[in-house]
Amino acid sequence: MHFTHAILRRPGEHFAEGLTRADEGPPDLDLALSQHARYAEALVTCGLQVEVLAADAEYPDSCFVEDPAIVTEAGALLTRPGAPSRLGEVATLRPVLQRYFGSVSSIAAPGLLDGGDVCDLGGRFLIGLSERTNTEGAGQLSRWLEERGYRSETVDLADHPRLLHLKTGITAIDEGRVVVVPGFPVARLLDGMERIEVEAGEEYAANCIRVNDRVLVAAGYPRLLERLEGLGYRTLPLSMSEFRRMDGGLSCLSLRLNLRRG
Ligand code: CIR
């Protein structure tokens, strides 16, 4: 869970036209931009070098930069996002990732995969099968991971319609510990890991992120905050209201890289 760099993309003028199932009204772009700036500052506080890409007006969901790519210490993979309106985000990210990683692999049709469906448990990966990620996409990712020495397991989210993505419901905050929503599916790779279950009404907060010595959490969810602090974590609460309106959480807003390899 050590990171040295992060890539973000600023929300653009058409942010409110992105996909959403949340029934919370349209986002305020100015407020979203200031929440995004705070998020970038928080990553700097955690010691990361942060690159904020210019907004891409053509793709209203492109600030959710986690979905079009998977980054690991062994390289980067461009996905094929499951929402047709987001497919074009991949081409805009390719040159950026090539700058960091040199060559970059890709998911090929008919595979579909969103980065939000991939949870790194510390070199072991859960891959959610969701409305955005199909078995072909998950299979391609699993082979790509295996070639790099990583184990993975797919988790079917068909019975969990409230989870847009796998990581809507789970975060790894330590090698042996995850934060999950109540009822998160069973998976072999989670055997032996401690599950911190968020309480009813705080489901959104399950998408927190561990960044070096801190845990970034959405502001406004006091019970999870207290629980994490009780376990000795340094937390950094961030207002996320405008991203929540667009179904986005903390993990979706950045690609977090560890470029201090070896
Ligand atoms: C979408 O529906 O694709 C965006 N409005 C939200 C994506 C959130 N991404 C994520 O959870 N990884």
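Colleague: Which residue has a polar side-chain atom 2.8 Å from an oxygen atom of the ligand, in addition to R86?
Modeller: This is a predicted model. A polar contact needs a pair of N or O atoms within 3.5 Å. An oxygen atom of the ligand meets that cut-off at 2.8 Å, and the polar side-chain atom on the protein side belongs to R132.

Colleague: How much of the ligand's 340 Å² does the protein bury?
Modeller: The 340 Å² is what the ligand exposes when taken alone. With the protein around the ligand, the buried share of that area is 98%.

Colleague: Which cavity does the space taken by the ligand correspond to?
Modeller: Look at where the ligand sits. The space it takes is a cavity, and in rank that cavity is the largest.

Colleague: What distance separates a nitrogen atom of the ligand from a polar backbone atom of L19?
Modeller: L19 is among the residues that come nearest to the ligand, along with D61, D67, R86 and M246. Here the protein side of the contact is a backbone atom. The distance from the ligand nitrogen to L19 is 2.7 Å.

Colleague: How many residues of the shell around the ligand are charged?
Modeller: The shell around the ligand holds 14 residues. Five are nonpolar and three are polar. The charged ones number six.

Colleague: Is the aromatic pair of F64 and F243 stacked or edge-to-face?
Modeller: A pair of aromatic rings is described by the distance of the centres and the angle of the planes. For F64 and F243 the centres are 6.2 Å apart and the planes meet at 85 degrees. An angle over 60 degrees counts as edge-to-face. The pair is therefore edge-to-face.

Colleague: How many residues apart are F64 and F243?
Modeller: F64 is in the loop between β2 and β3. F243 is in helix α5. The pair links distant parts of the chain, and the separation is 179 residues.

Methods:
Residues are numbered from 1 along each chain as its sequence is written. This is a predicted model: local features need pLDDT of at least 70, side-chain atom pairs count only at pLDDT 80 or more; totals for chains, interfaces and linings use all residues. Side-chain values use heavy atoms; hydrogens and water are left out. A residue is near a molecule or strand if one of its heavy atoms lies within 4 Å of it. A polar contact is a pair of N or O atoms within 3.5 Å; within protein, one must be able to donate a hydrogen and the other to accept it, and residues adjacent in sequence count only if both atoms are side-chain atoms. Accessible areas come from the Shrake-Rupley method with a 1.4 Å probe; for residues, only the protein chains shown count as cover. On a 1 Å grid over the protein atoms alone, a cavity is a set of points where a 1.4 Å probe fits but cannot get out, and a pocket is an open set with protein on both sides within 12 Å along at least five of seven lines; lining residues have an atom within 4 Å of a point. A molecule sits in a cavity or pocket if more than half of its atoms lie within 2 Å of its grid points. Ala, Val, Leu, Ile, Met, Phe, Trp, Tyr, Cys and Pro count as nonpolar, Asp, Glu, Lys and Arg as charged, and the others, Gly among them, as polar. Rings of Phe, Tyr and Trp (its six-membered ring) pair if their centres lie within 6.5 Å; planes under 30 degrees apart count as stacked, over 60 as edge-to-face and the rest as tilted. Helices (H or I, at least four residues) and strands (E, at least two) are DSSP runs, numbered from the N terminus.
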